[in-house]
Amino acid sequence: MEDCLFCKMVNGEITPDKVYEDDQVLAFRDINPQAPVHVLIVPKRHIATLNDLQPEDRETMGSLFIAAKKVAEQEGVAERGYRTLINCNREGGQVVFHVHLHLVGGRPMGWPPG
Ligand code: 5GP
Ligand code: ZN
């Protein structure tokens, strides 16, 4: 997908601060971290929003969470706990239109989210 920031990271046009990669997903540090650990986990295939998910995306979306588990372990927050979230569209707070799972941790998380 041209002009998609996260596709450019997947195809190597832009080099992110990578923390994990497998055949389905790429994970890298958020440029504007909201917690001591803030990693974005993206599917390698372009999917714009959660609203665009198709049945064939099941495995890919599962891979995001399997990757999150590994990254949490790698970053040392698995036992303490962490949060994963996906924003969708304007009111959900989505600004990059390539689905991404935020993994945040390293401090207590508030609830409800703002
Ligand atoms: P959203 O609000 O769409 O759920 O999250 C987009 C995230 O992408 C934000 O947390 C933002 O800081 C991050 N981001 C935006 N541009 C870049 C960039 O160029 N590199 C990295 N690593 N993260 C980015
Ligand atoms: Zn994309």
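**Close-up 1. Who touches Glu 21, beyond its immediate neighbours in sequence?** In this predicted model, Glu 21 is in contact with Leu 26 and Lys 44, once neighbours within four places in sequence are set aside. Glu 21 belongs to strand E1, and across the pairing it stands opposite Leu 26 in E2. So Leu 26 turns up here both as a contact and as the residue facing Glu 21 in the next strand. Val 42 sits 21 residues away along the chain, with 9.6 Å between its C-alpha atom and that of Glu 21. Is Glu 21 buried, partly exposed or exposed? It counts as partly exposed, because its relative accessibility is 36%.

**Close-up 2. The E1-E2 hairpin and what comes after it.** Strands E1 and E2 make a hairpin, with three residues in between. Three bridges hold up the antiparallel pairing of E1 with E2. On the other flank, E2 is joined to E3 by five bridges, again running antiparallel. Look for Arg 29 here: its bridge partner in E3 is Val 39. How enclosed is E2? Four of its five residues are buried, so the rest of the structure largely encloses this strand.

**Close-up 3. The whole sheet, strand by strand.** Five strands build an open sheet, and reading across it gives E1-E2-E3-E5-E4, with antiparallel pairing. Strand E1 (18–21) and strand E4 (82–85) are the edges, each pairing on one side only. On average, neighbouring strands are turned by 20 degrees against each other, direction ignored. As a general reminder, strands of a sheet pair through backbone hydrogen bonds, either parallel or antiparallel.

**Close-up 4. The E4 edge, with helix H2 packed on the sheet.** E4 is tied to strand E5 (residues 101–105) by four bridges, and the two run antiparallel. One spot to pick out is Tyr 82, which stands opposite Gly 105 in E5. Helix H2 (residues 58–74) packs on the sheet and touches E1, strand E2 (25–29), strand E3 (37–43), E4 and E5. The direction of H2 makes about 155 degrees with that of E3.

**Close-up 5. The cysteines Cys 4 and Cys 88.** How many disulfides does the structure hold? The count is zero. For Cys 88, the closest cysteine sulfur is the one in Cys 4, and at 15 Å that is too far for a bond. The surroundings of each residue can be read from accessibility. Cys 4 is buried, because its relative accessible area is 6%. Cys 88 has 21% relative accessibility, so it counts as partly exposed.

**Close-up 6. Zooming back out to the full chain.** The protein has three helices and five strands, strung from the N terminus in the order α-β-β-β-α-β-α-β. Its C-alpha trace spans about 35 × 30 × 25 Å along the principal axes. Why does the radius of gyration fit a compact globule? With 114 residues, such a globule would come in near 13 Å, and the protein has 14 Å, which agrees. Among the contacts with a separation of 6 or more, 54% are between residues 24 or more positions apart. Of the 114 residues, 38% count as buried. The accessible surface comes to about 6,900 Å², and carbon and sulfur atoms take 50% of it.

Definitions and conventions. Residues are numbered from 1 along each chain as its sequence is written. Chains are lettered from A and ligands numbered from 1 in the order in which they are written. This is a predicted model: local features need pLDDT of at least 70, side-chain atom pairs count only at pLDDT 80 or more; totals for chains, interfaces and linings use all residues. Side-chain values use heavy atoms; hydrogens and water are left out. Two strands pair if DSSP finds at least two bridges between them. Axes are lines fitted to C-alpha atoms, for helices over the stretch in contact, and angles run from 0 to 180 degrees between N-to-C directions. Contact means heavy atoms within 4.5 Å. The radius of gyration is taken over C-alpha atoms; the globule rule is 2.2 Å times the number of residues to the power 0.38. Buried means under 20% relative accessible area, exposed over 50%, partly exposed in between (1.4 Å probe, protein chains only). Accessible areas come from the Shrake-Rupley method with a 1.4 Å probe; for residues, only the protein chains shown count as cover. A disulfide is a pair of cysteine sulfur atoms within 2.5 Å.
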